[in-house]
Every structure is written in structure tokens, then in C-alpha cells.
Amino acid sequence: LDDFADDVAAVIDAFGGPATLVGHDFGGQVAQMVAYLYPDLVSSLVLAASPGPIQPKPEPATALRRVFIPELSNTDHLEAVALALFAPGNDPVAWFDGWHPTLAFAQAEAERQIAIEELWARLRTETLVIQPADDLIVLPENAELMAAQAGDLVQVVTIPGAGHALLPEQPEAVATAILGWLRAHS
């Protein structure tokens with residue numbers, strides 16, 4: 001995780017930060033690590049579908065693992081994507097491809113290095129948490145717990161009609177939440 005954070009920090013430094021970092025799922029964990037290791041480079045965080053200690057139920061967790069099995073038929077793959085990542089009624093085709101097992105392995109290895117609770121305990125940066133209401137992978141209870149533990153540093157906005165994919169499901173709602181929060185914090 002430190003290596004990912006170092007890379008992001010190098011980019012911010014090259015552009016003359018500080019910056020607001022926006023991260024979805026694992027990207028949010030990287031953003032939190034950047035803020036911890038390089039506090040002068042990060043002005044605020046936006047964490048979308050940000051993982052926490054409360055784990056998903058078995059069926060969506062299994063579906064998520066199936067997303068990364070290249071031997072699945074197209075139909076089985078799309079069913080796994082829909083179940084794990086999209087709210088009911090949303091079209092999972094947007095995330096049909098682009099799955100890289102090697103990257104998934106690297107992400108899993110990085111996540112094993114630090115517990116979510118440790119990242120949260122290190123949080124010293126104003127943070128907007130965007131929580132998809134229908135997320136079966138990162139359950140909404142995680143956002144509530146993070147806000148309770150971090151106090152005034154964290155504001156939670158819940159986006160209805162969105163599962164874990166969030167961005168292709170409700171792009172306008174996500175943009176509105178981020179831009180409104182940035183205006184209020186600039």
C-alpha cells in the first residue's frame with residue numbers, strides 16, 4: 001500500500017499539490033495512505049464505496065470473487081458482476097470487461113498489509129464518504145461506523161439507486177455530491 005501511495009504522492013508533488021484525492025474502494029485506501037504518509041500533499045479526501053471492517057454476506061462476496069475468473073462464460077460473468085457490483089435494475093454491461101487478475105492479486109496483497117481500522121485511526125484529513133445505498137460489497141454500515149469514529153472529519157452522503165459500482169450507476173449524483181462538498185470546503 002505504501003508503494004501505491006508513494007506513486008500518487010509523486011504525481012501530486014510533480015503538479016505542485018496539495019490535492020483533493022478521490023478514490024473508489026481500493027483507491028480510497030490508497031488515498032487514505034497518501035494522506036497519512038504525505039499530509040502536506042493532501043487537502044481533503046473523497047472516498048467512494050470505501051471498505052470497512054463489516055464484511056459482505058457470502059452470496060455477493062462469492063459473486064465478487066467469480067468476477068475475476070477468466071474461464072467463466074460471458075453470461076456467468078455478467079451475472080456475477082450484476083450481483084456483486086450493481087444495484088437491482090442497473091445495467092452491469094458498463095463493467096463487463098476490464099478485469100485484470102494480476103492487478104486484483106496486487107490489490108489483495110496491498111490490502112493485507114494494513115487493517116482498515118488502522119487506516120481509519122490515522123485519518124486526520126477532512127473526508128467526504130460517498131456511500132452507495134445498495135452496496136452489497138461495502139455495506140452502508142461501514143460508512144456510518146467510519147463517521148462515528150472520525151467525528152467531524154467525516155461527512156457521509158448516501159447515493160440511492162447505486163451498488164458498489166456507483167460511478168457508472170449514478171454519475172450525476174456522485175458529481176453533485178463531490179462538487180457541493182468541495183465548494184463548501186474551499
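Me: Which helix gives the most to the largest nonpolar core?
Reply: This is a predicted model, and its largest nonpolar core has 25 residues, with Leu1, Leu21, Met33, Val34, Val42, Leu45 and Met146 having the most contacts inside it. At least two residues of this core come from each of α1 (2–15), α2, β2, α6 (116–121) and α7 (140–150). The top giver, with six residues, is α2.

Me: What does Met33 touch, leaving out residues up to four places away in sequence?
Reply: Met33 is one of the residues with the most contacts inside the largest core. Skip anything up to four places away in sequence, and the residues Met33 touches are Leu1, Asp2, Ala5, Ile114, Leu119 and Arg122.

Me: How many residues are in the other core?
Reply: Another core lies apart from the largest one, and Ile159, Val174, Ile178 and Trp181 are among its members. Its count is 11 residues.

Me: Why is one side of β1 and of β4 left without a neighbour in the sheet?
Reply: Okay, picture an open sheet of four strands, paired in parallel in the order β1-β2-β3-β4. β1 (19–24) and β4 (154–159) each have a single partner strand, so one side of each has no neighbour, and that's down to where they stand: at the edges.

Me: Which residue of β2 is the bridge partner of Ala19?
Reply: β1 and β2 (residues 42–48) run parallel and are joined by six bridges. In β2, Ala19's bridge partner is Val42.

Me: What angle does helix α8 make with β3?
Reply: Helix α2 (residues 26–37) lies across β1 and β2, at about 160° to β2. Helix α8 (residues 171–184) also packs on the sheet, touching β1, β2, β3 (127–132) and β4. Its direction compared with that of β3 gives about 165°.

How values were computed. Residues are numbered from 1 along each chain as its sequence is written. This is a predicted model: local features need pLDDT of at least 70, side-chain atom pairs count only at pLDDT 80 or more; totals for chains, interfaces and linings use all residues. Side-chain values use heavy atoms; hydrogens and water are left out. Two strands pair if DSSP finds at least two bridges between them. Contact means heavy atoms within 4.5 Å. Axes are lines fitted to C-alpha atoms, for helices over the stretch in contact, and angles run from 0 to 180 degrees between N-to-C directions. A nonpolar core is a set of buried Ala, Val, Leu, Ile, Met, Phe, Trp, Tyr and Cys residues joined through side-chain atoms within 4.5 Å. Buried means under 20% relative accessible area, exposed over 50%, partly exposed in between (1.4 Å probe, protein chains only).
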